[in-house]
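Work through the following exercises with the coordinates open beside you, and try each task before reading its solution.

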Amino acid sequence: MNPRFDLRSRIRPDILDMPGYVPIVPTDVLAERLGIAPEAILKLDGNENPFGPSPAALRAIATERGYHIYPDPDQRRVRDALSSHLGVAAAHIVCGLGSDDLIDLILRALVVQGDGVVNCPPTFGMYPFSTEVAGGRVIDVPRREDFTLDIDAIARAAVAAKVIFLASPNNPTGNRMSRDDLDRLLALDVLVVVDEAYIEFAGTEHSFVTLVPEHENLVVLRTFSKWAGLAGLRAGYGVMPKLLADVLMLIKQPYNLNVAAGVAMVASLGDAELLMERVCTIAGTRNRLASRLAELDWIAPYPSEANFILCRLDGVDALEVKDRLAGGGIFVRYFDAPALRNHLRISVGLEEHNAVIIDALRQIGAELGR
Ligand code: PMP
């Protein structure tokens, strides 16, 4: 031990104080805790795709022979394939380790210590998390009671901010942002990042991605984690003004998109028809699950355009319900933030999972006197 060196004093004090992001627990860990087989777990806490990757993506990963070679730092094949898929030039596109990577890169490119970043809770926790890691200052502008954006309040906050993050559809509330709201935000002196991780479940005709080339302050983030079932591979991208794309290509880790993710992304785009059929199936399952949840008088499901349903629980402790579900091997996400007291978020699984979760909820309701 060197008595002259104090490691703690060298670490950024704001990082030592950070609360951190609360990630989801992997299936095998959950199964081990419960003493049951991983196959017996019904994992509805991560908004993952219950169908998994497309067969073409799995074949592409299995047949690829270049894993001993570093990936292309310019991500040429993937960016070209995305360019054809989206109808936006490859120069606007940057890929990364999930869209999380793009959130982090944008903040590292823009933010210096103390810069403001607008966040509209309840929303995805990575925006404040990555802002804090980058040394930025989170300016919270809460959503209205119906989870729409308070554009006037955002406009006031944006004066002191460099960037604003918005998810559409939003996680965990499931609602989408309107074109009118976007237009009002684009008129402000701020970079607007619209995170469309779940847009396929809402209908890609609602995407703002094709507007990017016409705007100097619009970024759209997308991912293969949800519609294409590649969450475990980490495959996301952003569509942004060329200058910002150049800057992110410059500062990103050169090999941030691994070979397996790259080939799986290209193969998924080639199999988009099948994947979008699955997305339609999930959207149908979601709508049927929402109707069945609404039949329980202690659960108020919110309308959702994503692959999950946010539920307010009335007269029953949501944490207790979450724990009881977990005891039976069913995992959902619990929220108890200021704007979301006593809520659960249930990811949409396969059609047959609807009956399993509804039966479990009915039984828990009865046990709790509902
Ligand atoms: N944005 C939102 C709104 C999300 O909910 C998630 C995942 N939970 C992500 C981005 C992250 O996606 P990825 O797996 O591409 O990093």
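**Exercise 1. Identify which residues come nearest to the ligand in this predicted model, and describe the polar side-chain atoms placed beside the ligand.**

Solution. Start with the shell: there are 14 residues around the ligand, and those that come nearest are Ser99, Asp195, Tyr198, Thr223 and Ser225. Next, sort the shell by class, which gives 5 nonpolar, 5 polar and 4 charged residues. Then ask where the shell residues sit in the fold; the largest share, 3 residues, comes from helix 6, which spans residues 98-110.

Now turn to individual atoms. Aspartate 195 places a polar side-chain atom 2.5 Å from a nitrogen atom of the ligand, while serine 225 has a polar side-chain atom 2.6 Å from a ligand oxygen atom. Arginine 234 likewise has a polar side-chain atom lying 2.7 Å from an oxygen atom of the ligand. Finally, consider the surface: the ligand taken alone exposes 400 Å², and the protein buries 93% of that.

**Exercise 2. Determine the backbone phi of arginine 234 and of asparagine 342, and classify the accessibility of each residue.**

Solution. The background to this task is that most residues other than glycine have a negative phi, and most peptide bonds are trans. Arginine 234 has a positive phi, near 70°, and belongs to the loop between strand 7 (218-223) and strand 8 (236-239). Because its relative accessibility is 26%, arginine 234 counts as partly exposed.

Asparagine 342 also has a positive phi, near 60°, but this residue lies in strand 13. With a relative accessible area of 18%, asparagine 342 falls under the 20% cut-off and is therefore buried.

**Exercise 3. Locate the cis peptide bonds that precede proline 122 and proline 172, and give omega for each.**

Solution. Take proline 122 to begin with: a cis peptide bond joins proline 121 to proline 122, with omega about 0°, and proline 122 is placed in the loop between strand 3 (116-119) and helix 7 (126-133). The other cis bond joins asparagine 171 and proline 172, where omega is about 15°; proline 172 lies in the loop between strand 5 (161-167) and helix 9 (179-186).

**Exercise 4. Decide whether histidine 343, glutamate 196 and methionine 265 are buried or exposed, and describe the surroundings of each.**

Solution. Histidine 343 is found in strand 13 (residues 340-347) and counts as buried because its relative accessibility is 4%. Its side chain makes a polar contact of 3.2 Å with the side chain of tyrosine 302, and, leaving aside neighbours within four places in sequence, histidine 343 is also in contact with residues including Leu310, Cys311 and Phe335.

Glutamate 196 sits in the loop between strand 6 (191-195) and helix 10 (199-202), and at 1% relative accessibility glutamate 196 counts as buried. The C-alpha atoms of glutamate 196 and alanine 167 are 6.1 Å apart in space, although the two residues are 29 residues apart in sequence.

Methionine 265, in helix 12 (residues 259-270), has 0% relative accessibility and so counts as buried. Beyond residues up to four places away in sequence, methionine 265 touches, among others, Val78, Phe224 and Leu257.

**Exercise 5. State how many disulfides a search of the whole structure finds, and compare the accessibility of cysteine 120 and cysteine 280.**

Solution. The search finds 0 disulfides. Cysteine 120 is buried, at a relative accessible area of 1%, whereas cysteine 280 is exposed, at 55%.

Notes: Residues are numbered from 1 along each chain as its sequence is written. This is a predicted model: local features need pLDDT of at least 70, side-chain atom pairs count only at pLDDT 80 or more; totals for chains, interfaces and linings use all residues. Side-chain values use heavy atoms; hydrogens and water are left out. A residue is near a molecule or strand if one of its heavy atoms lies within 4 Å of it. A polar contact is a pair of N or O atoms within 3.5 Å; within protein, one must be able to donate a hydrogen and the other to accept it, and residues adjacent in sequence count only if both atoms are side-chain atoms. Accessible areas come from the Shrake-Rupley method with a 1.4 Å probe; for residues, only the protein chains shown count as cover. Helices (H or I, at least four residues) and strands (E, at least two) are DSSP runs, numbered from the N terminus. Ala, Val, Leu, Ile, Met, Phe, Trp, Tyr, Cys and Pro count as nonpolar, Asp, Glu, Lys and Arg as charged, and the others, Gly among them, as polar. A disulfide is a pair of cysteine sulfur atoms within 2.5 Å. Buried means under 20% relative accessible area, exposed over 50%, partly exposed in between (1.4 Å probe, protein chains only). Contact means heavy atoms within 4.5 Å.
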